[in-house]
Amino acid sequence: MQALHEIKRVAPDARRHTILDVAHRVFIRDGYAGASMSRIAAEVGGSKTTLYNHFESKKELFVAVTERETARLLDEVFVVEALGGDFASRMIELARRMLSAMLTDDMVEAYRMIVA
């Protein structure tokens with residue numbers, strides 16, 4: 001068995017990514033009002049202190065989740081290399097990708113949560 005000081009710690013970026021993943025699930029499931037830093041920390045498997053080391057408030061965490069999901073959506077839609085053909089066919093493909101990405105269950109739930 002390894003001594004406690006020999007166990008590698010999770011990299012801060014990986015921990016932040018995990019927090020964002022869990023927070024996204026909690027916000028979708030419970031809504032903004034129903035989500036709490038305590039609940040998110042419990043589901044991450046850490047403490048509220050760890051959460052507050054990465055995000056100053058629930059609002060800041062929510063904004064980070066929203067920005068990450070928006071960036072993911074834009075990356076999915078605007079992969080330029082995959083667009084080929086003439087202008088009209090590129091625009092049709094772009095619209096198809098946009099609608100496809102925006103109508104996923106995750107995106108519809110996120111939209112409902114943001115509007116609420």
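User: Which residues are linked with Asp-21 in a network of salt bridges?
Analyst: In this predicted model, one pair of the network is Arg-68 and Asp-21, whose closest N and O atoms are 2.8 Å apart. Arg-68 lies in helix α4 and Asp-21 in helix α1 (residues 12-34), so this pair ties together parts that are 47 residues apart in sequence. The residues linked with Asp-21 in the network are Arg-68, Glu-69 and Arg-72.

User: Are Arg-68 and Asp-21 buried, partly exposed or exposed?
Analyst: The class between buried and exposed runs from 20% to 50% relative accessible area. Arg-68 has a relative accessibility of 22%, and Asp-21 has a relative accessible area of 27%. Because both values fall in that range, Arg-68 and Asp-21 are each partly exposed.

User: How many salt bridges does the structure hold?
Analyst: Among them are the pair of Arg-68 and Asp-21, the pair of Arg-29 and Glu-43 and the pair of Arg-96 and Glu-93. The structure holds nine.

User: Which helices does the salt bridge of Arg-29 and Glu-43 tie together?
Analyst: The side chains of Arg-29 and Glu-43 meet at 2.6 Å, N to O. Arg-29 is partly exposed at 49% relative accessible area, and Glu-43 is partly exposed at 35%. The two residues are 14 positions apart in sequence, and the helices that hold them are α1 and α2 (residues 37-44).

User: By about how many helical turns are Arg-96 and Glu-93 separated?
Analyst: The side chains of Arg-96 and Glu-93 form a salt bridge with an N to O distance of 2.6 Å. Arg-96 is partly exposed at 47% relative accessibility, as is Glu-93 at 23%. Because the two residues are three positions apart in helix α5 (residues 87-102), their separation is about one helical turn.

User: What is the distance from Lys-58 to the nearest side chain of opposite charge?
Analyst: Lys-58 lies in helix α4 and is buried. A salt bridge requires a nitrogen to oxygen distance within 4 Å, and Lys-58 has no such partner. The nearest side chain of opposite charge is that of Asp-30, at a distance of 9.5 Å.

User: Which residues does Lys-58 touch, not counting those up to four places away in sequence?
Analyst: Lys-58 is a buried residue of helix α4. Beyond the excluded sequence neighbours, the residues it touches are Phe-27, Tyr-32, Ala-33, Ala-35, Ser-36 and Met-37.

User: What is the volume of the largest pocket, and which residues are closest to its centre?
Analyst: The volume of the largest pocket is about 270 Å³. The pocket is lined by 13 residues, and the closest to its centre are Leu-73, Met-107, Ala-110, Tyr-111 and Ile-114.

User: Which element gives the most to the lining of the largest pocket?
Analyst: The elements that give two or more residues to this lining are α4 (58-77) and α6 (105-115). By class, the lining has nine nonpolar, three polar and one charged residues. The element that gives the most, with six residues, is α6.

User: Is Ala-110 buried or exposed?
Analyst: Ala-110 is placed in helix α6 and is among the residues closest to the centre of the largest pocket. The C-alpha atoms of Ala-110 and Arg-25 are separated by 9.8 Å, although the residues are 85 positions apart along the chain. Because its relative accessible area is 11%, and the cut-off is under 20%, Ala-110 is buried.

User: How far apart in space are Thr-66 and Tyr-111, C-alpha to C-alpha?
Analyst: Thr-66 is found in helix α4 and is partly exposed, with a relative accessible area of 26%. Thr-66 and Tyr-111 are 45 residues apart in sequence, and their distance in space is 9.9 Å.

User: What pattern does the protein follow along the sequence?
Analyst: The protein has six helices and zero strands. Buried residues make up 27% of its 116 residues, and residues 24 or more positions apart account for 53% of the contacts with a separation of 6 or more. Read along the sequence, the pattern is α-α-α-α-α-α.

Note on methods: Residues are numbered from 1 along each chain as its sequence is written. This is a predicted model: local features need pLDDT of at least 70, side-chain atom pairs count only at pLDDT 80 or more; totals for chains, interfaces and linings use all residues. Side-chain values use heavy atoms; hydrogens and water are left out. On a 1 Å grid over the protein atoms alone, a cavity is a set of points where a 1.4 Å probe fits but cannot get out, and a pocket is an open set with protein on both sides within 12 Å along at least five of seven lines; lining residues have an atom within 4 Å of a point. Grid points are joined across faces, edges and corners, and a volume is the space filled by probe spheres set on the points. Helices (H or I, at least four residues) and strands (E, at least two) are DSSP runs, numbered from the N terminus. Ala, Val, Leu, Ile, Met, Phe, Trp, Tyr, Cys and Pro count as nonpolar, Asp, Glu, Lys and Arg as charged, and the others, Gly among them, as polar. Buried means under 20% relative accessible area, exposed over 50%, partly exposed in between (1.4 Å probe, protein chains only). Lys and Arg count as positive and Asp and Glu as negative; His and the chain ends are not counted. Contact means heavy atoms within 4.5 Å.
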